[in-house]
Amino acid sequence: VATIARLLAPVDAPPAVFCLGLNYKKHAAEVKMAPPEYPIIFHKTPNTLTGPDTGIVIPKVASEPPEVDYEVELAVVLGEKCKNVPLEKALDMVLGYTVANDVSARRWQGPKKGGGQWCRSKCFDTFLPLGPVLVLREGLPDPQNVRLTTTVNGEVRQDGHTGDMIFTVAQTIAFLSQDTTLLPGTLILTGTPSGVGFSRTPPLFLKPGDRVIVSAEGIGELRNDVRAAA
């Protein structure tokens, strides 16, 4: 009888990680920004990837004052090499779906330490927990009908729905593939709903000892404990 010692991230070394910012109407409203006319795209790097029941590490350079935040997201894994995909064919390119936590260091995002961009804030080690499983496309036939939640130490912080997306999964794939080859295994994070820590009064950032659970209806729960950098 085989024993599973621990679950790994369901995607290993994706050729690219595309992420959408400000892709939920209620999230745009909570941060007092207008919904974007085009998808806001940024990237995460391979070092960020980690799996279920691993640690989210608070970087030393992002610890005082606290600034590390959670973001539950529906993650899309492509199964086909594709380019210039028409909207009506976009979901055919999907291998499956999983849950992501787009962990972010807020002072490194935007005009401060980020120098005007978002990538650096998203690319510290362990800042992309992914899992717990990959649900094949057939098992989640409508990616615009998925409830997403985040709890921290049992307290509900996010409770949203992919129906609130500004750009649907299909629209995003079609947009990204314009004159651009997307390879099998490409990971697409589709944005986070409202309820992020920095938008609250006072802000609620992650701290060592916290347990974060992000979940997607029809996929499962992704659990990670927060710890300080050694």
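Over the ring of which residue does the charged end of Arg-120 sit, at 5.5 Å from its centre? The ring is that of Trp-108, and this residue belongs to a cluster in which ring pairs link Trp-108, Phe-124 and Phe-127. The model is predicted, and the points below take up its open sheet of seven strands, the helix α3 that packs on that sheet, a hairpin formed by β13 and β14, the aromatic cluster, and several features of the backbone.

**The open sheet**

- The seven strands of the open sheet follow the order β2-β1-β12-β6-β7-β9-β3, and their pairing is mixed.
- The edges of this sheet are taken by β2 (40-43) and β3, each of which has a single partner strand, so one side of each is left without a neighbour in the sheet.
- Within the sheet, β7 and strand β9 (residues 128-136) pair in the antiparallel sense over four bridges, and Val-99 has Gly-131 as its bridge partner in β9.

**Helix α3 on the sheet**

- Helix α3 packs on the sheet, where it touches β1 (17-21), β2, β6 (72-78), β7 and β12, and its direction makes about 55° with that of β6.
- Six of the eight residues of α3 are buried, so that the helix is mostly covered; the buried residues are Val-169, Ala-170, Thr-172, Ile-173, Ala-174 and Leu-176.
- These buried residues of α3 pack against β1, β2, β6, β7 and β12.

**Leu-95 in strand β7**

- Leu-95 lies in strand β7, which covers residues 94-101, and with a relative accessible area of 37% Leu-95 is partly exposed, because this value falls between the 20% below which a residue is buried and the 50% above which a residue is exposed.
- Setting aside residues up to four places away in sequence, Leu-95 touches Val-77, Leu-78, Gly-79, Leu-134, Val-135, Leu-136 and Arg-137.
- Although Leu-95 and Thr-186 are 91 residues apart along the chain, their C-alpha atoms are separated by 9.8 Å.

**The β13-β14 hairpin and its parallel neighbour**

- Strands β13 and β14 form a hairpin with three residues between them, and Gly-218, which is in the turn, has a positive phi of about 90°.
- The two strands of this hairpin run antiparallel and are joined by six bridges, and the bridge partner of Ala-216 in β14 is Gly-220.
- Strand β14 (residues 220-228) is also joined to β4 by four bridges, and here the strands run parallel; in this pairing, Val-57 has Arg-227 as its bridge partner in β14.

**The aromatic cluster and Arg-120**

- The model has three aromatic pairs, and one of them joins Trp-108 and Phe-124, whose ring centres are 5.5 Å apart and whose planes stand at 85°, so the pair is edge-to-face.
- This pair links distant parts of the chain, 16 residues apart, with Trp-108 in the loop between β8 (104-105) and α2 (119-122) and Phe-124 in the loop between α2 and β9.
- Phe-124 also forms an edge-to-face pair with Phe-127, with 5.4 Å from centre to centre and 65° between the planes.
- Both Trp-108 and Phe-124 are buried; the relative accessibility of Phe-124 is 8%, while Phe-127 is likewise buried, with a relative accessible area of 0%.
- Besides its place over Trp-108, the charged end of Arg-120 sits over the ring of Phe-124, 4.3 Å from its centre.

**Backbone features in loops**

- The peptide bond from Glu-64 to Pro-65 is cis, with omega near -10°, and Pro-65 is placed in the loop between β4 (55-58) and β5 (68-69).
- A cis peptide bond also runs from Thr-201 to Pro-202, with omega near -5°, and Pro-202 lies in the loop between β12 (187-189) and β13 (211-216).
- Asp-53 is a residue other than glycine with a positive phi, near 60°; its place is in the loop between β3 (49-50) and β4, and with a relative accessible area of 57% Asp-53 is exposed.
- Asp-179 likewise has a positive phi, near 55°, and lies in the loop between α3 (169-176) and β12; at 64% relative accessibility, Asp-179 counts as exposed.

Note on methods:
Residues numbered from 1 in each chain as written. Predicted model: local features only at pLDDT ≥ 70, side-chain atom pairs only at ≥ 80, totals over all residues. Heavy atoms only, no water. Buried < 20%, exposed > 50% of the residue type's maximum accessible area, 1.4 Å probe, protein only. Contact = heavy atoms within 4.5 Å. Pairing = 2+ DSSP bridges. Axes fitted to C-alpha atoms, helices over the stretch in contact; angles between N-to-C directions. Phe/Tyr/Trp six-rings, centres within 6.5 Å; stacked < 30°, edge-to-face > 60°. Lys NZ or Arg CZ within 6 Å of the ring centre and 35° of its normal.
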